[in-house]
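User: Please take a close look at a single part of this model, the packing of one pair of helices and the core around them, and give the cut-offs behind each term.

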Amino acid sequence: MNISNKELQINDEIRDAEVRLVGVDGSQIGLVSNSKAKSMAEQAGLDLVKIAAKAVPPVCKIMDYGKYKFEVSKREKESRKNQRTFDVKEVRLSLNIDKHDFETKVGHVERFAKSGDKIKVSIRFRGREAGHPEIGYDIMSKFAEACSEFASVERPAKLDGRSMLMFLAPKAAKNKPEKS
C-alpha cells in the first residue's frame with residue numbers, strides 16, 4: 001500500500017463522523033462511525049490511520065503506526081543507499097594550449113573518469129578568438145580522441161556564446177567508489 005502523505009491523521013486527530021474502514025489484514029469492513037472505528041482499533045491494540053483523506057467518506061485503516069513509519073523510513077534509506085551519484089568536473093582548455101598542458105588536462109580527465117564523474121570540457125573564446133570557432137572544434141575533437149580510452153563523448157562540442165562546451169562520460173564506471 002502506497003501512502004503518499006508525510007503527515008497522516010491518526011486516532012483522535014480524525015474528526016470525520018463516518019469513515020470507510022479497512023481491517024488489519026486489508027479486508028474491507030465498510031462504513032462505520034468514527035467512534036466505532038476508534039474502539040475497534042483500541043481493541044486490536046493498534047492505531048486508526050486516515051490513509052485517503054480526499055475520498056468521500058475518508059478511508060481509514062487499522063495498523064501499527066509506529067511500525068509503519070519505521071518501515072517507510074527503512075525503505076527510503078535503502079533507496080537512497082542504492083542511488084548512484086556522480087559529480088560533474090570541469091576541465092578548461094584554451095585555443096593556444098601547449099602539448100604538455102594538453103596532456104596534463106587529459107590526465108585530469110582520466111582521473112575524473114576513473115572515479116566515475118562526468119566531465120565538462122570548455123573553451124572560452126577571448127577577443128578575436130571568437131572569430132575562429134573552427135580552431136576550437138579541432139582542439140575539442142583532438143581532446144575527445146585523446147580521452148577516448150577512458151571516456152566517451154556524451155554531448156559533442158557546441159558553441160554557446162563565447163564558450164564551447166563538450167561533455168564526456170566515463171566508459172568503465174565499475175571501479176567507482178560509492179559517494180553519499
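Analyst: What follows describes one helix pair and its surroundings.

The model is predicted, so local features need pLDDT of at least 70 and side-chain atom pairs count only at pLDDT 80 or more, while totals for chains, interfaces and linings use all residues. Residues are numbered from 1 along each chain as its sequence is written, and side-chain values use heavy atoms, with hydrogens and water left out.

The axes of α3 and α4 (helices being DSSP runs of H or I with at least four residues, numbered from the N terminus) come within 10 Å and cross at roughly 50 degrees; axes are lines fitted to C-alpha atoms over the stretch in contact, with angles from 0 to 180 degrees between N-to-C directions. That makes α3 oblique to α4, a class left over once angles under 35 degrees count as roughly parallel, over 145 as roughly antiparallel and 65 to 115 as roughly perpendicular.

Where the helices meet, F102, K105, V106 and V109 in α3 face I139, K142, F143 and A146 in α4, contact meaning heavy atoms within 4.5 Å. Among these residues, F102 and F143 are both buried, that is, under 20% relative accessible area with a 1.4 Å probe, protein chains only. Their ring centres lie 5.5 Å apart with planes at 85 degrees, so the pair is edge-to-face (Phe, Tyr and Trp rings, the six-membered one for Trp, pair with centres within 6.5 Å, and planes over 60 degrees apart are edge-to-face, under 30 stacked and the rest tilted). Because F102 belongs to α3 and F143 to α4, the pair ties together parts 41 residues apart in sequence.

Leaving aside neighbours within four places in sequence, V109 is in contact with V91, I119, F143, C147, F150 and L168.

Methods. Helix = DSSP H or I, 4+ residues; strand = E, 2+ residues; numbered from the N terminus. Buried < 20%, exposed > 50% of the residue type's maximum accessible area, 1.4 Å probe, protein only.
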